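Visitor: I'm new to this one, and I'd like a close look at a single part of it. Could you pick one spot, walk me around it, and then show me how the rest is put together?

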Amino acid sequence: MILHTDVETMPREELEALQLKRLRATVERCYHTVGFYRDAMDDLEVKPHHIQKLDDVRLLPFTKKEHLRENYPFGLFAVPTEQVVRVHASSGTTGKPTVVGYTKRDIHTWAKLVARCLAASGMRPGDRLHNAYGYGLFTGGLGLHYGGEELGVMVTPMSGGQTQKQLMLLQDFCPTAISCTPSYALNLAEAADEMGINIRKLPLKLGIHGAEPWTEEMRYELESRLGIDCVDIYGLSEVLGPGVGNECIEAKSGLHIWEDHFLVECVDVNTGKRLPYGEEGEIVFTSLTKEAFPVIRYRTRDISVLDPSPCKCGRTHVRMQRITGRSDDMLIIRGVNVFPSQVESVLMRTETLSPFYQIEVFRQASLDNMVVNVEASPPLMEQSQERRDKVAAKVVRDIKDFIGVTCKVMIKDVGEIPRSEGKAVRVIDHRKH
Ligand code: DLL
């Protein structure tokens with residue numbers, strides 16, 4: 001393993017001592033510079049000096065997405081705006097976006113953390129990165145871009161879309177790695193097939209995918225279609241952007257959270273109580289080094305499990321299993337909790353289907369109905385309607401067996417499901433309209 005920094009293998013005791021020092025400084029600063037944090041702590045009668053050990057983080061109030069909205073645009077900044085050199089924003093589906101800011105030092109810290117992610121993914125100085133994450137208010141494009149430059153790789157700032165041009169540059173610039181959402185990687189693989197381009201023959205050897213939930217089955221699909229290794233990268237604008245955690249290429253089993261910069265907890269979605277390692281819950285982060293936009297106990301709504309077991313790569317930072325989904329994307333269908341990623345797993349294990357799918361939810365006669373739209377694979381397209389009906393019936397049974405919900409499966413023709421250029425829209429919930 002080639003480490004980007006020694007801190008990645010720091011003994012836990014030392015790492016935790018560093019975290020405590022940084023936690024105390026962050027809480028002290030938030031209390032004295034951000035009215036929202038001071039009020040929230042005063043309400044709970046917690047003062048910065050109450051934080052004596054790491055576990056005392058539990059005493060602190062949670063921060064939620066709505067708090068960011070209420071303080072739009074710059075109300076949670078902990079430095080004067082003159083010291084902020086960059087803002088990003090995540091588009092809310094309704095109303096105002098949530099805005100985050102970075103000082104010069106934050107931008108540098110971010111670049112170093114993304115460089116660490118790229119190194120953990122297997123990239124080295126001298127490699128070439130084709131960056132197909134969107135540039136703009138979204139953190140993906142610029143986040144990966146600065147990280148690549150920091151590591152010393154040649155970055156192509158391609159952004160999303162223009163799929164044919166992407167394929168041309170993949171052939172001409174010979175990148176060794178591509179960064180984009182997994183759904184866009186799939187879109188590229190399909191377009192390459194259509195254009196008769198064999199990506200497997202190119203020097204490309206690595207895909208760095210995240211920004212949306214994806215499954216092991218999707219990893220397998222992408223790895224085999226593109227002939228590369230694929231690793232998971234995680235982050236969210238409120239906490240940093242990409243670069244909060246990354247899988248290591250050695251184990252490809254869970255994302256190492258860079259704990260020298262983020263204190264991570266897993267809590268019960270309903271009660272907010274801390275869960276022991278190994279139990280599934282909502283991931284919560286406290287930033288330890290952010291200057292412009294520190295967060296205290298930010299509720300991500302991302303559902304996962306923390307795994308402290310030693311990793312074969314030698315890194316000591318805790319691993320977060322792949323995100324199952326967001327609590328707000330979880331569908332409750334007649335009392336059964338369903339994440340789109342669970343449906344994805346079932347679909348992708350069905351050979352006669354293609355990996356393009358979308359879920360629709362309706363309410364009819366006060367009952368929830370889930371319809372899974374999925375495309376036929378090209379060979380199934382050639383076959384009779386009867387054969388398609390049989391495949392659909394099998395998927396209905398598999399979804400009932402694995403997820404416990406009864407749904408309808410509609411097998412569509414190739415090209416009927418919209419292709420993603422960034423974060424795929426997996427669910428259309430007609431109950432919300
Ligand atoms: O998606 C940052 C990012 C860019 C991460 C590029 C990785 C690569 P936001 O737009 O704020 O930031 O969305 C954050 O996306 O809370 C998760 O729900 C989801 N997400 C991000 N990474 C993953 C992942 C960027 N690896 C939200 N697996 C997060 C599953 C992910 N979901």
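Guide: Happy to. Let's start at glycine 254, which sits in the loop between β8 (241-247) and β9 (255-257). Keep in mind as we go that this is a predicted model. Is glycine 254 buried or exposed? Its relative accessible area is 8%, and anything under 20% counts as buried, so glycine 254 is buried.

What does glycine 254 touch, once residues up to four places away in sequence are set aside? Part of the list is Asn246, Glu247 and Cys248, and the rest is Arg319, Met320 and Gln321. For a sense of distance, try lysine 201: that residue is 53 places from glycine 254 along the chain, and their C-alpha atoms are 29 Å apart.

Now let's visit another loop, the one between β11 (281-287) and β12 (298-304), where you'll find arginine 297. Arginine 297 has a phi near 45°, which is positive even though the residue isn't a glycine. Most residues other than glycine have a negative phi. Arginine 297 is buried too, with a relative accessibility of 3%. Step into strand β12 and you meet arginine 301. Arginine 301 also isn't a glycine, and its phi is positive at about 70°. With 23% relative accessibility, though, arginine 301 counts as partly exposed.

There's a backbone oddity in another loop as well. Proline 73 lies between α3 (65-70) and β1 (86-90), and the peptide bond leading from tyrosine 72 to proline 73 is cis, with omega near -10°. Most peptide bonds are trans.

Next, some helix pairs. Helix α1 (residues 12-33) packs against helix α2 (residues 35-43) with the axes 5 Å apart and an angle of about 105°, so α1 is roughly perpendicular to α2. On the α1 side, the residues that meet α2 are Val27, Cys30, Tyr31, His32 and Thr33, while α2 offers Gly35, Tyr37, Arg38, Met41 and Asp42. Sorted by kind, the residues of this contact are five nonpolar, three polar and two charged.

Helix α7 (residues 182-194) and helix α8 (residues 216-226) have axes that come within 10 Å and cross at roughly 35°, and the crossing is left-handed. Pro182, Ala185, Leu186, Ala189, Glu190 and Asp193 in α7 face Met218, Glu221, Leu222, Arg225 and Leu226 in α8 as contact partners. Seven of the residues in this contact are nonpolar, four are charged and none is polar.

Then there's helix α9 (residues 340-348) with helix α11 (residues 385-403): their axes also come within 10 Å, crossing at roughly 135°. The two are therefore oblique to each other, and this crossing is right-handed. Gln342, Val343, Val346 and Leu347 in α9 meet Val395, Asp398, Ile399, Phe402 and Ile403 in α11. That contact has seven nonpolar residues, one polar and one charged.

Finally, the whole thing. The protein has eleven helices and 21 strands. Its radius of gyration is 22 Å, close to the 22 Å the globule rule gives for 433 residues, so the protein is as compact as a globular protein of that length. Along the principal axes, its C-alpha atoms fill a box of roughly 70 × 55 × 40 Å. Buried residues make up 55% of the 433. And of the contacts between residues at least 6 apart in sequence, 66% join residues at least 24 apart.

Methods: Residues numbered from 1 in each chain as written. Predicted model: local features only at pLDDT ≥ 70, side-chain atom pairs only at ≥ 80, totals over all residues. Heavy atoms only, no water. Axes fitted to C-alpha atoms, helices over the stretch in contact; angles between N-to-C directions. Helix = DSSP H or I, 4+ residues; strand = E, 2+ residues; numbered from the N terminus. Parallel < 35°, antiparallel > 145°, perpendicular 65-115°, else oblique. Left-handed = near helix turned anticlockwise from the far one by under 90°. Contact = heavy atoms within 4.5 Å. Nonpolar A, V, L, I, M, F, W, Y, C, P; charged D, E, K, R; others polar. Rg over C-alpha atoms; globule rule 2.2 N^0.38 Å. Buried < 20%, exposed > 50% of the residue type's maximum accessible area, 1.4 Å probe, protein only.
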